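Reader: I should be grateful for a close look at one part of this structure, namely its nonpolar core. Please also place that part in the setting of the chains around it.

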Amino acid sequence: MKGPYVDFAGLSPLIALLGGAAIVLLVGLLGARWVRAQAVPALTLAVLGAALGLTIWQWNAQKSIVSGALRIDSLALVLNVVLIAGGACTVLLAWRALAARESGHGEFHALLLSSIGGMSLLASAQNTVALFVGLELLSIPLYVLCATEMRREHSLESGLKYLIIGSVGSATLLYGLAMIYGATGATDFSAIATALSSNGLATDPLTLTGIALCVAGLCFKASVAPFHQWTPDVYEGAPTPVTAFMAVATKVAALGVFLRFFDVALIEAHASWGPAVAVLAAITILVGNVGALGQSSLKRMLAYSSVAQAGYMLAGVVVATALGVQATVLYLAVYVLMNMAAFAVIVAREREIGAHDPDGRVGDSIESLRGLGRERPYLAWPMTISMLALAGIPATAGFIGKFYLIDAAVSGGYTWLGVAIVIGSMISLGYYLPVIAAMWMREAPAGEGLPGPSPPTASAPEPTVGALPVLAGGSPELDEQAPANGGAAETGFPIAGSQPEVVLVAVLAGGATLFFGVIPQPLFNLVHGVGSALGLL
Amino acid sequence: MPLSILVWLPAACGALGAILCTLAGRGHVPAPAPAPAAEQTTVIDSDPSAASLPPRGAAELSRSDSAMRIPGALALAGSLLALALAIGYIADYKAGGGPQHVTDVVWISSLGIHYKLAITGLNVFLVGLTTLLFAAAALATNLRDERSRPANPRLFWLFFMLAESAVLGAFLAQDLALFVVFFDLMLIPFYFLTGIDWDPAHPRGTREERVKATIKLVIYTLVGSLLMLAAAIATGVLAAQQGGGHITFVLSSLQALPLSTGSQEWIFLFFAAAFLVKMPAFPLHGWMPDGYRAMPIEVLMVFSGVLSKVGAYGFLAIVLPLFPQGAAHFQTLMLLIALASIVYGSALAFTQTDARLIAGYSSVAQLGFITLGIFALNPQGAQGALLQMVNHGLVVAPLLFIVLLLSQRAGGSEDVRAMGGIAFRAPVLASLFLIVALATLAIPGSSNFVGEFLILLGVFKAKLAIAIIAFSGVVMASVYALRLFIRAMHNRVGSSVDSREISIRDGAVLVPLIAVIVLLALYPQFALHRSEAAVKATIVRIP
């Protein structure tokens, strides 16, 4: 007996990610502290680099592997690149993070890598079983990652909330997949499509119920309204690097599977789900943007903003054309850049101020950015660019992305959805602009003479020497580590402060957002083959 | 690509100035960040900002003047060079020709967006106006005394020059998507120019007011222009579907593929929203008073003089040629909005006491006239509108600069009640002001008179009743212009007025602007002749 043929070349990025996760986990067991704190993240970056290299090696592949369970095509490969970029940024943001130290560096990074592996699997899933496996492989490490700041109540709460709601979402999706299997007798996407077209099953009640449940399940993952309620709480509670990862990577994976599942397997039933998803997209745009207004926590604000952005991107799914797929993927790439720039700044600010400093400033509050334009231009500019890009202002990649999405929506006959996108952008100015205003148009709070017993002015010298104890929270174990970290802090660039890698992420992501806003052709080249890969017009 | 040089030269100068200033400044004074480190504090925490703020502020003032002057000097050089280039283009413009000096490069091929710039009869004088006003404003800011110069010259000039580039780009763009890009882009520098406190010694209102004003300004304007974005994309897509070809946004190609009447009508409304907010026209002017109060007056000179014209220019260059049926369908509505703007703007202009807002509301009225001319939908009206756009820019900028001079003489107040009697010791200033005031009220012999005359002639042909009411605007203009002049220059001497003659440096800003007003008054045909063919082409397809 000969075993089935395995195309290792096609599987290689996935193998690199999951195998790398195992290696990272084992290396994390080594004793030396520098190995855990420095070598493990470096190794994780190396694994991501290897996966990226293998992805590029496969660049022109167009094949189904593992007996049709996975499809390696340009959609999968492009999403892999985007996911790996998001993952690499996350590793850099988490380099000195409390979360990685508390949970163990090996465990943290292994979980991160397996989650990326799940996303990569999801992006190439070509049957419903692979889809579900990918989704769970993505989700379960994320539940844990959310709770990695083990001594902070909110982090645990966030992990638990995400676990419960995520499981409901997964279960819903599984029901849906089962019903579609019941109706069509197939798990393979192309077989489902054939069954739907040939037997007139597209309007069968069982199919429709299945589709509805699948929409609901995936909407939980992509935080599409009205299934988004978990998003702000989980984003706010999770450690910020993890939030950044969730915000970008989960969205990429969820929308990737939306594209492949709905625009390939269920394309025959487009007439039934198209209008429904379009309405969901419009509701999401409205709910996300209105919800973000008046938030004082940047993480909550970005959570609602990510809900709104999911709504924009659904527009590309709804039209089910090659143009729509390309627009969605392009927007996903841009979305990763914009959000990474913003989250990097939040990470930097949180560490500088401390999650909750004695003066009542919260690290992720908009107030914490006051005076940043003057004090820390290398953080203020990326944040400014990111906010402008998220709002869709020209000369940033966000504008190009939105332009392409509206173009796709109008071409696909959903002009009203295009108008909904611009109305959403209008509302979004109401919360993006105050962030910019805080950075450039307000002095750092001390300059204004905040009411209160001890403005930072008076007590500046003492607490600054011990900034790390604030960062280290109440853990004795960490207080022990603090001096060592403090030492590292002193050696940082004067410009970049003590965290050059975080500033690097901010500057790179912000710079790329600007660059692709002026010269977008590389992005268009990247997504060029994506639409035709799905066999759409 | 010579036109690209004109467009991007200002922004390049702004960026270069910022870079050079940073490099030069670093050598002299240790950058502020290490200072706290010397005091045994780590950089990691909230960077004891307050403790080090006053010394840092002082350090910035004393920080080698030469380094801090680089951005301003470069910006002035850049804007003057742009002015020289623009004059060259005006001189070179051949009347009656089509687009000239065309630059056409594919920018985003997948979306059919071209980077297409050209000089046309519609934009040639507006480009001249833009470069002139930006040069004048740059000069005025550079000639300010040491203390009241922008506190952070790098950022100020970066945004100021970026604004000039964006405005020039909007005027020159011959591709609908490119126009939208520039139209939205020009808002961003003005957002920062309005919101940041450039002159902490003389703050313009409280910080809260200013931040509110900027957010209002941006939201109003972007609401309009985002609707325009959707409409622009729809135009390209629908035209491509109709023509069956590849999607394109080049204006001339779009013109060849007229949309159905139904599409034209809703698209027209979206575009109109953007342009009317920008102008601003009566029901959509809510951002104007706060915005005007919050801006530094040099910035306001270009904002009021130039940005409002982009809206009017958009109607002429984009809406009328691309959506003629839509324009015809909403003609009456637009004329009524214009009329309301005239009446409302004039009425408020002569009840305000803040000299800036008198200028602001008079602009609402003047832009009302311009809209009126455009939507007369005949050659006379459109020509008058185009001439009046240039005239208004030429008049409002010196007017605002005079407001600055007056406030310097009235103890810093811009309230006309605090002024008075200045003419007594400042006859030259008074005469220059009188010329501007008379041009504002369109006295016969001024170029404004020609403009308003043509506009009213056009409207008479189109809608008689509206023209008759619009005449009241002409009368009201003389009331508010003369009221401002009399209250500020004559009457009893104000309590804290310290009347001085105009200085040479102020004259250097004011006299060239007034010289252009006089020249255009002597020979308006110069502008009319060159724009005639282009204006006729824009309305030729109106049903």
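Author: The account below begins with the core and then turns to the chains and to some individual residues.

The model is a predicted one. Its largest nonpolar core holds 390 residues, and the members that touch the most others are A:Phe261, A:Phe262 and B:Phe271. Helix H14 of chain A, which spans residues 322-353, gives the most to this core, with 21 residues. In soluble globular proteins, nonpolar side chains tend to be buried together.

A:Phe262 deserves a closer description. When its neighbours within four places in sequence are left aside, A:Phe262 is in contact with A:Ile211, A:Cys214, A:Val215 and A:Leu218. The list of its contacts also includes A:Val257, A:Ile267, A:Trp273 and A:Val317.

The two chains provide the setting. Chain A has 26 helices and two strands, while chain B has 22 helices and two strands. Of the 537 residues in chain A, 64% are buried; for the 543 residues of chain B, the share is 63%. Where contacts in chain A join residues at least 6 apart in sequence, 79% of them link residues at least 24 apart. In chain B, among contacts with a separation of 6 or more, residues 24 or more positions apart account for 82%.

The surfaces may be described in a similar way. Chain A has an accessible surface of about 17,300 Å², and carbon and sulfur atoms contribute 69% of it. For chain B the accessible surface is about 17,800 Å², with 68% belonging to carbon and sulfur atoms. Chain B carries 32 positive and 27 negative charges, whose mean positions lie 5 Å apart.

As to overall form, the C-alpha atoms of chain B fill a box of roughly 75 × 60 × 40 Å along the principal axes. The radius of gyration of chain B is 23 Å, which agrees with the value near 24 Å that a compact globule of 543 residues would have.

Several loops contain backbone features that merit inspection. In chain A, a cis peptide bond with omega of about 0° joins A:Ala225 and A:Pro226. A:Pro226 lies in the loop between helix H9 (205-222) and helix H10 (230-237) of that chain. In chain B, B:Met279 and B:Pro280 are likewise joined by a cis peptide bond, with omega of about -15°. The loop that holds B:Pro280 runs between helix H11 (261-278) and helix H12 (288-294) of chain B.

Positive phi values are found at two alanines. A:Ala320, which is not a glycine, has a phi of about 55°. A:Ala320 sits in the loop between helix H13 (298-319) and H14 of chain A, and H14 is the helix that gives the most residues to the core. Because its relative accessibility is 10%, under the limit of 20%, A:Ala320 counts as buried. B:Ala442 has a positive phi near 60° and belongs to the loop between helix H18 (427-440) and helix H19 (447-462) of chain B. With 5% relative accessibility, B:Ala442 also counts as buried.

A final position is A:Leu98, located in helix H4 (residues 98-103) of chain A. Its relative accessible area is 18%, so A:Leu98 is buried. The C-alpha atoms of A:Leu98 and A:Thr148 are separated by 8.6 Å, although the two residues are 50 residues apart along the chain.

Methods:
Residues numbered from 1 in each chain as written. Chains lettered and ligands numbered in written order. Predicted model: local features only at pLDDT ≥ 70, side-chain atom pairs only at ≥ 80, totals over all residues. Heavy atoms only, no water. Helix = DSSP H or I, 4+ residues; strand = E, 2+ residues; numbered from the N terminus. Rg over C-alpha atoms; globule rule 2.2 N^0.38 Å. Buried < 20%, exposed > 50% of the residue type's maximum accessible area, 1.4 Å probe, protein only. Contact = heavy atoms within 4.5 Å. Areas by Shrake-Rupley, 256 points an atom, 1.4 Å probe, with all protein chains shown as cover. Lys, Arg positive; Asp, Glu negative; His and termini not counted. Charge placed at Lys NZ, Arg CZ, Asp CG, Glu CD. Core = buried A, V, L, I, M, F, W, Y, C linked by side-chain atoms within 4.5 Å.
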